[in-house]
Amino acid sequence: MTKRIEKVAVLGAGTMGARIAAHLANAGIPCYLLDIVPRELTADEKRRNLSLDIPAVRNRIVLAGLDAAKKSRPAAFFTPETARLVTTGNLDDNLAWCGQVDWIIEAVAENLEIKRNLFTRVESVRKPGTIVTSNTSGLPIHLIAEGRSEDFQRHWAGTHFFNPPRYMKLVEVIPGPKTRPEVLQSLDEICDLRLGKGVVVAKDTPNFIANRIGTYSMLNVLRAMQALDMTVEEVDACTGPAIGQPKSATFRTADIVGLDVLAHVVRNIYENVPDDESREMYRLPAFIEEMMKRGWLGEKTGSGFYKRIKKDGDKEILTLDLHAMEYRSRRKAKFGSIEAGKAIENTRERVRAFVAPALEGKDGDKANRFLWACLSESCLYAARRVPEIANSIVDVDRAMRWGFAWELGPFEMWDAIGVERMARAIERAGKLLPPLVAQVMASPKKSFYESEKGRAGYFDLASNSMQALTEEPGIIVLKSLKDRMPVVQENSGASLIDLGDGVLCCEFHAKMNSIGGDIVAMLHAGINRLGSEFDAMVIANQEPNFSVGANLMLLLVSAQEGEWDDIHLAVRQFQRVNMAIKYAPRPVVAAPQGMALGGGCEISLHAARIHAATEAYIGLVEVGVGLIPGGGGTKEMLIRSNEHAAAAEDIDLFHALKPVFQNIATAKVSTSAEEARSLGYLRPSDLIAMNRERLVADAKQTALAISRAGYHPPAPPEIRVLGEEFLAAAKLAIHTLVRGEFATEYDGVVARKLAYILSGGGITAPQAVSEQYVLDLEREAFVSLCGERKTQERIAHTLKTGKPLRN
């Protein structure tokens, strides 16, 4: 039987320990956070005549760690209130707390003796059956627990979280020699279902899977860079989104991680892989050694490969010239192949185009040669490491996707380029193919993966054949469903998919899922099928973002051409589909993930229930482009203000409206689904899925539960508005902000339009109004603002730069 984990102790309140504790708290799991007792007083403590005996001093280190987690950006906690679930203490006075928990996570310094000594102490207070794990990033798991009791070792493993733990999906679980299967299952369940992680079981080899492959890839990039005499900017232009890797690319990533951390990982691998044929690659280039001597470690020291400075009052980012070892202004990298690749949307096709010259025996430009050197060597290295570091190629690819945010793992990269063509090019260069690649080349498919009618398979080294890639229970992959069976209905912007059990899914697939007539039409089509064909509908997709809002390009063109009737019609149609969602005969559940902005937020607000991903960034952001929410978002927040005032004993409608006005007027976006609840975008009854991969299946179950409980559409509410009382106060606040230069004059124009709607329009005294009345106010304000030159300037600027304009 698996163990239900209700309380956890985290030992070590450094960067990782404090943030692991924060994410446990995010999941609603109470935890203890412990660290060492200081050996001496600080200068400030001496001035205050404090002693080492008082709790504030004895807990100084752990409190500093927790405080750093509270202040970290991006935020470690979903909301500031979540930190209440973390109880702090120290390893001398409070170690006995470990006897009260179900899971002990060690996250102290990466030193074998420190960890072993700590576990000697932990075992004296640990109750039998308690799971104990280490967050080591590379020390041998079997050595850390050596000498511990039989029960300890049966409940022992490595759990390597990636930084920052809230955002990075990967947890590598590394069994010890005696770890019981049910312990691994318990860890898999809590990491997956409650912490929202992707679990990969790694073998107990130096730095496990992701850091072993990722560090080699980093060092290989540095080698190729030096061979081709490339600049920092040129490398980062090639190794970021161009090949499906994070925007931080190579050198921004190195600055974030820290060169000291990189050096530690490199040394650990070098010292512990005597039989690795590429061992000599695990040496730092001379320029990194020189940077470390100078203290240029990255963000933590203010200088790394990049350096932020202030020049004439403006911020500027300088780049390190690796020849001169001096900082200079940034220079834009210019590669024809990279520029051409920007027109190729599909990452697999884009990568294939970058390495095409090498596959054809040609040179190409410097970027082509560089990327071939980087990608071919990294793919070869990964192929040589299976089965040494992992049980399957799937585990390697998942580790790199989840731990390093690569879009394609190394074996997916082999397939994207073409295994046969890539292998032939490697052999032409006089290099030997790893046994795994030779086996794949001899197989019928000549690929590492296959997919047919929504069923996926992978090449298994042990059996020398394709094996089915089993689908995890509780996970629905929309693409696989569409490959397996025809969609119910589709157009260019959205599809209707049968999720089974009488549940329909409306999936958006427009660019950035921006909302236009095609999505509106498909939402109507889905609602029309409820009752006669389906019992519920889920609005969901599995793109990075649920929806970034309205299609601003179409709106701008219409506004510039004065097509006011078309804009009125488009807004009215969007309002109508949102009202159709709200009053559908069967429940509609919205499942936002990533950005759900503007119209994406408005669609969610009208659903019978929201089941959001934890990382859902929800907000009514229209004022950022000089508009107000026009699809019913303002109306829904006005209704929620009424509900809040009616349910609370200590707040009236005026004070319930104030934060709503502030949030919309400042385009406030939640930093998590839990914060969206505090902002009013989620109701108390709305749900949150910790694991994004489970979101569609979770939302389906929510829709079924509502339907089976006997769903009835809500009765139309009477919306109470305050008239002049609220409008006058809002205008005064706007005037103060503009006079204080906290807002521009045009910000004031837009905010007064918003206040006019929230107050009830031209109504002077408090009274009740209908939803349609507020919708008409929204639409008139929206269209009138579309006609303003400054709004059009803001929209154009946002489309060009992705950033708001303050004019």
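Helices (H or I, at least four residues) and strands (E, at least two) are DSSP runs, numbered from the N terminus. Keep in mind for every view that this is a predicted model.

**View 1. M512, a non-glycine residue with a positive phi, sits in a loop.** The loop in question runs between β17 (503-508) and α22 (517-529). M512 has a phi of about 55°, a positive value, although it isn't a glycine. M512 counts as partly exposed because its relative accessible area is 47%.

**View 2. A405 is another non-glycine with a positive phi.** Here phi is about 60°. Look for A405 in the loop between α17 and α18 (410-417). At a relative accessible area of 37%, A405 is partly exposed.

**View 3. Two prolines follow cis peptide bonds.** The bond from N163 to P164 is cis, with omega near -5°, and P164 belongs to the loop between β6 and β7 (170-175). The bond from V386 to P387 is cis too, with omega near 15°. P387 lies in the loop between α16 and α17 (393-404).

**View 4. Helix α1 is mostly covered.** This helix takes in residues 15-26, twelve in total, and spans 17 Å from its first C-alpha to its last, close to the 16 Å expected at 1.5 Å a residue. Eleven of the twelve are buried. Among them are the hydrophobic-looking names you might guess, such as I20 and L24, but also R19, H23 and N26. What do the buried residues of α1 pack against? The partners are the strands β1 (8-11), β2 (31-35), β3 (86-90), β4 (103-106) and β6 (156-161), plus one helix, α4 (60-71). After α1 comes G28, with a positive phi near 80°.

**View 5. C31 and C506 stay unpaired.** The structure holds zero disulfides. A disulfide needs two cysteine sulfurs within 2.5 Å. For C31, the closest cysteine sulfur is that of C98, 12 Å away, so the pair is too far apart for a bond. C506 is in no disulfide either: its nearest cysteine sulfur, in C505, is 7.0 Å off. Are these two cysteines buried or exposed? C31 is buried, with 3% relative accessibility, and C506 is buried at 0%.

**View 6. F411 belongs to the largest nonpolar core.** That core has 117 residues, and those touching the most other members are L11, F305, F370, F411, W414 and F448. Helix α16 (residues 366-385) gives the most to it, with eleven residues. Zoom in on F411 and, leaving aside residues up to four places away in sequence, you'll find it touching A382, A383, V386, I393, V396, L436, F448 and Y449, along with the acidic D397. There's also a second, separate core of 86 residues, which includes I527, L530, V571 and Y746.

**View 7. Helix α23 has a buried face and a face turned away from it.** Within α23 (residues 552-560), L552, L555, L556, S558 and A559 are buried. Why do these buried residues line one face? Seen down the helix axis, they fall within an arc of 165°, so they share one side of α23. Their packing partners are α24 (564-582), α32 (771-786) and α33 (789-801). The face turned away from the buried side carries L554 and Q560, which are exposed.

**View 8. Here are the two ends of α23.** At the N-terminal end, N551 acts as the cap, with a side-chain oxygen 3.3 Å from the backbone nitrogen of M553. Q560 is part of α23, and its relative accessible area of 53% makes it exposed. From Q560 to Q573, 13 residues further along the chain, the C-alpha atoms are 21 Å apart. α23 is followed by G562, whose phi is positive, near 65°.

**View 9. S604 is a buried serine in helix α25.** The helix covers residues 599-605, and S604 has a relative accessible area of 2%, so it counts as buried. What does the side chain of S604 have 3.1 Å from one of its polar atoms? It's the backbone oxygen of G600. Not counting residues up to four places away in sequence, S604 touches F546, A590, P592 and I610.

Methods
Residues are numbered from 1 along each chain as its sequence is written. This is a predicted model: local features need pLDDT of at least 70, side-chain atom pairs count only at pLDDT 80 or more; totals for chains, interfaces and linings use all residues. Side-chain values use heavy atoms; hydrogens and water are left out. Buried means under 20% relative accessible area, exposed over 50%, partly exposed in between (1.4 Å probe, protein chains only). A nonpolar core is a set of buried Ala, Val, Leu, Ile, Met, Phe, Trp, Tyr and Cys residues joined through side-chain atoms within 4.5 Å. Contact means heavy atoms within 4.5 Å. The arc is that of the directions from the helix axis to the C-beta atoms. A polar contact is a pair of N or O atoms within 3.5 Å; within protein, one must be able to donate a hydrogen and the other to accept it, and residues adjacent in sequence count only if both atoms are side-chain atoms. The expected span of a helix is 1.5 Å times one less than its number of residues.
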